[in-house]
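Student: I have a model open at my bench and would like a close look at a single part of it. Could you walk me through one helix and its surroundings?

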Amino acid sequence: MKLYILLAVVAPILLGTAGVLQKRGLDELPKLSADWWFKDGKLQWDMIKKVLFTFLNIYFILGCIVGLAGGLVYMVALSMGDISIVQPLQGLGNLMAVILGVLWLHEKVKKREYIFIVLLIAGIVLLNMAA
(Lines give C-alpha, C1' and ligand atoms only; values in the text may rest on other atoms or scores of the structure.)
Protein backbone atom coordinates (compact mmCIF):
# COMPACT_ATOMS: atom_id res chain seq x y z
CA MET A 1 0.00 0.00 0.00
CA LYS A 2 1.28 3.41 -0.89
CA LEU A 3 1.90 5.85 1.95
CA TYR A 4 -0.41 8.54 0.56
CA ILE A 5 -3.33 6.08 0.52
CA LEU A 6 -2.72 5.25 4.17
CA LEU A 7 -2.57 8.97 4.98
CA ALA A 8 -5.74 9.54 2.93
CA VAL A 9 -7.50 6.97 5.13
CA VAL A 10 -6.07 8.28 8.42
CA ALA A 11 -6.97 11.93 7.69
CA PRO A 12 -10.77 11.50 7.52
CA ILE A 13 -10.71 9.22 10.55
CA LEU A 14 -9.02 12.01 12.48
CA LEU A 15 -11.39 14.64 11.06
CA GLY A 16 -14.49 12.57 11.83
CA THR A 17 -13.23 11.93 15.36
CA ALA A 18 -12.53 15.65 15.80
CA GLY A 19 -16.12 16.55 14.97
CA VAL A 20 -17.46 14.07 17.52
CA LEU A 21 -15.09 15.34 20.22
CA GLN A 22 -16.15 18.92 19.54
CA LYS A 23 -19.82 17.91 19.62
CA ARG A 24 -19.24 16.23 22.98
CA GLY A 25 -17.63 19.41 24.29
CA LEU A 26 -20.47 21.58 23.00
CA ASP A 27 -23.07 19.30 24.59
CA GLU A 28 -22.14 20.95 27.89
CA LEU A 29 -23.75 24.19 26.68
CA PRO A 30 -27.39 24.83 27.51
CA LYS A 31 -29.81 25.20 24.61
CA LEU A 32 -29.18 28.58 23.02
CA SER A 33 -31.98 30.99 22.18
CA ALA A 34 -32.29 34.71 21.43
CA ASP A 35 -33.39 35.56 24.97
CA TRP A 36 -30.46 33.60 26.36
CA TRP A 37 -28.03 36.34 25.30
CA PHE A 38 -30.12 39.35 26.32
CA LYS A 39 -32.30 40.08 29.32
CA ASP A 40 -34.21 43.33 29.70
CA GLY A 41 -32.32 44.70 26.68
CA LYS A 42 -28.93 44.09 28.29
CA LEU A 43 -26.23 41.70 27.20
CA GLN A 44 -25.80 38.79 29.63
CA TRP A 45 -22.04 38.69 30.19
CA ASP A 46 -22.31 35.71 32.55
CA MET A 47 -23.85 33.64 29.77
CA ILE A 48 -21.18 34.77 27.28
CA LYS A 49 -18.47 33.77 29.77
CA LYS A 50 -20.14 30.38 30.17
CA VAL A 51 -20.07 29.83 26.41
CA LEU A 52 -16.42 30.86 26.18
CA PHE A 53 -15.40 28.62 29.07
CA THR A 54 -17.26 25.74 27.45
CA PHE A 55 -14.85 26.05 24.54
CA LEU A 56 -12.04 25.47 27.03
CA ASN A 57 -13.23 22.02 28.06
CA ILE A 58 -10.98 19.06 27.28
CA TYR A 59 -13.25 17.50 24.65
CA PHE A 60 -13.53 20.66 22.56
CA ILE A 61 -9.80 21.43 22.78
CA LEU A 62 -8.87 17.84 21.96
CA GLY A 63 -11.30 17.94 19.03
CA CYS A 64 -9.57 21.05 17.68
CA ILE A 65 -6.13 19.43 18.02
CA VAL A 66 -7.26 16.17 16.37
CA GLY A 67 -8.96 18.18 13.59
CA LEU A 68 -5.79 20.16 12.96
CA ALA A 69 -3.78 16.94 12.81
CA GLY A 70 -6.32 15.46 10.38
CA GLY A 71 -6.08 18.53 8.16
CA LEU A 72 -2.30 18.34 8.11
CA VAL A 73 -2.33 14.62 7.30
CA TYR A 74 -4.84 15.33 4.50
CA MET A 75 -2.58 18.02 3.02
CA VAL A 76 0.40 15.65 3.05
CA ALA A 77 -1.68 12.92 1.38
CA LEU A 78 -2.79 15.38 -1.31
CA SER A 79 0.78 16.53 -1.91
CA MET A 80 1.93 12.92 -2.37
CA GLY A 81 -0.95 11.38 -4.31
CA ASP A 82 -3.63 11.94 -6.89
CA ILE A 83 -6.68 13.92 -5.83
CA SER A 84 -8.83 11.37 -7.66
CA ILE A 85 -7.81 8.81 -5.03
CA VAL A 86 -7.31 10.97 -1.94
CA GLN A 87 -10.48 13.05 -2.08
CA PRO A 88 -13.05 10.23 -2.33
CA LEU A 89 -11.55 8.65 0.79
CA GLN A 90 -12.54 11.77 2.76
CA GLY A 91 -16.05 10.31 2.93
CA LEU A 92 -14.68 7.94 5.56
CA GLY A 93 -14.70 10.90 7.96
CA ASN A 94 -18.49 11.03 7.81
CA LEU A 95 -18.66 7.31 8.42
CA MET A 96 -16.33 7.64 11.41
CA ALA A 97 -18.43 10.47 12.83
CA VAL A 98 -21.60 8.39 12.54
CA ILE A 99 -20.00 5.36 14.18
CA LEU A 100 -18.60 7.38 17.08
CA GLY A 101 -21.82 9.36 17.38
CA VAL A 102 -23.80 6.17 17.82
CA LEU A 103 -21.31 4.36 20.07
CA TRP A 104 -20.06 7.22 22.23
CA LEU A 105 -22.69 9.94 22.10
CA HIS A 106 -25.59 7.45 21.96
CA GLU A 107 -27.18 9.17 18.99
CA LYS A 108 -29.90 7.34 17.07
CA VAL A 109 -29.61 6.48 13.38
CA LYS A 110 -32.82 6.04 11.39
CA LYS A 111 -33.34 3.40 8.69
CA ARG A 112 -33.15 6.02 5.96
CA GLU A 113 -29.78 7.19 7.30
CA TYR A 114 -28.45 3.61 7.17
CA ILE A 115 -29.31 3.59 3.46
CA PHE A 116 -27.27 6.75 2.93
CA ILE A 117 -24.36 5.26 4.90
CA VAL A 118 -24.37 2.23 2.58
CA LEU A 119 -24.48 4.56 -0.43
CA LEU A 120 -21.56 6.56 1.01
CA ILE A 121 -19.47 3.43 1.41
CA ALA A 122 -20.41 2.23 -2.09
CA GLY A 123 -19.47 5.62 -3.53
CA ILE A 124 -16.07 5.57 -1.84
CA VAL A 125 -15.37 2.06 -3.11
CA LEU A 126 -16.54 2.79 -6.67
CA LEU A 127 -14.63 6.07 -6.96
CA ASN A 128 -11.43 4.47 -5.77
CA MET A 129 -11.89 1.48 -8.09
CA ALA A 130 -12.26 3.87 -11.01
CA ALA A 131 -9.21 5.93 -10.08
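What follows is a walk around one helix, its packing partners and a few residues beside them.

Student: Which residues of helix H6 meet H1, and which meet H7?

Tutor: Happy to help, and please keep in mind that this is a predicted model. Let me set the scene before we get to the contacts. The protein chain holds 7 helices and 2 strands, and from the N terminus its elements follow the order α-α-β-β-α-α-α-α-α. With a radius of gyration of 19 Å, well over the 14 Å that the globule rule gives for 131 residues, the chain is more spread out than a compact globule. Along the principal axes, its C-alpha atoms fill a box of roughly 60 × 35 × 25 Å. Of the 131 residues, 28% count as buried. Among contacts with a separation of 6 or more, 79% join residues that are 24 or more positions apart.

Now to your helix. Two packed helices are described by the angle between their axes and the distance between the axes. H6 covers residues 91-103, and its axis comes within 7 Å of the axis of H1 (residues 3-26), with a crossing of roughly 40 degrees. That angle makes H1 oblique to H6. The crossing is right-handed. On the H1 side, the residues that meet H6 are Val 9, Pro 12, Ile 13, Gly 16, Thr 17 and Val 20. On the H6 side, they are Leu 92, Gly 93, Met 96, Ala 97, Leu 100 and Gly 101. Sorted by class, this contact has 8 nonpolar and 4 polar residues, with no charged ones.

H6 also packs with H7, at an angle of about 150 degrees and with the axes 9 Å apart. H6 and H7 are therefore roughly antiparallel, since an angle over 145 degrees counts as such. Their crossing is left-handed. Here H6 contributes Gly 91, Leu 92, Asn 94, Leu 95 and Val 98, while H7 contributes Ile 117, Leu 120, Ile 121 and Ile 124. By class, that gives 7 nonpolar and 2 polar residues, again with no charged ones. If you compare the two lists, Leu 92 appears in the contact with H1 and also in the contact with H7.

Next, look at the loop that leads from H6 to H7. Leu 105 lies in this loop, and at 18% relative accessibility it counts as buried, because the cut-off for buried is under 20%. Leaving out residues up to four places away in sequence, Leu 105 touches Val 20, Lys 23, Arg 24, Asp 27 and Leu 100. Two of these names are already familiar, as Val 20 and Leu 100 belong to the contact of H1 with H6. For a sense of scale, Leu 105 and Asp 35 are 70 residues apart in sequence and 28 Å apart in space, C-alpha to C-alpha.

His 106 is in the loop between H6 and H7 as well, but this residue is exposed, with a relative accessible area of 60%. Its backbone deserves a glance too. Most residues other than glycine have a negative phi. His 106, although not a glycine, has a positive phi of about 60 degrees.

On the other side of H6 in sequence is Gln 90, in the loop between helix H5 (83-86) and H6. Gln 90 counts as buried, at 16% relative accessibility. Not counting residues up to four places away in sequence, Gln 90 touches Ala 8, Ala 11, Pro 12, Leu 15 and Tyr 74.

Ala 8 brings us back to H1, the helix where it lies. At 0% relative accessibility, Ala 8 counts as buried. Beyond its neighbours within four places in sequence, Ala 8 is in contact with Ala 77, Val 86, Leu 89 and Gln 90. The C-alpha atoms of Ala 8 and Leu 89 are 6.3 Å apart in space, although 81 residues separate the two in sequence.

Finally, H1 has another partner in helix H4 (residues 58-80), with the axes 7 Å apart and an angle of about 160 degrees. H1 and H4 are therefore roughly antiparallel to each other. This crossing is left-handed. The residues of the contact of H1 with H4 divide into 22 nonpolar, 7 polar and 1 charged.

Technical notes
Residues numbered from 1 in each chain as written. Predicted model: local features only at pLDDT ≥ 70, side-chain atom pairs only at ≥ 80, totals over all residues. Heavy atoms only, no water. Axes fitted to C-alpha atoms, helices over the stretch in contact; angles between N-to-C directions. Helix = DSSP H or I, 4+ residues; strand = E, 2+ residues; numbered from the N terminus. Parallel < 35°, antiparallel > 145°, perpendicular 65-115°, else oblique. Left-handed = near helix turned anticlockwise from the far one by under 90°. Contact = heavy atoms within 4.5 Å. Nonpolar A, V, L, I, M, F, W, Y, C, P; charged D, E, K, R; others polar. Rg over C-alpha atoms; globule rule 2.2 N^0.38 Å. Buried < 20%, exposed > 50% of the residue type's maximum accessible area, 1.4 Å probe, protein only.
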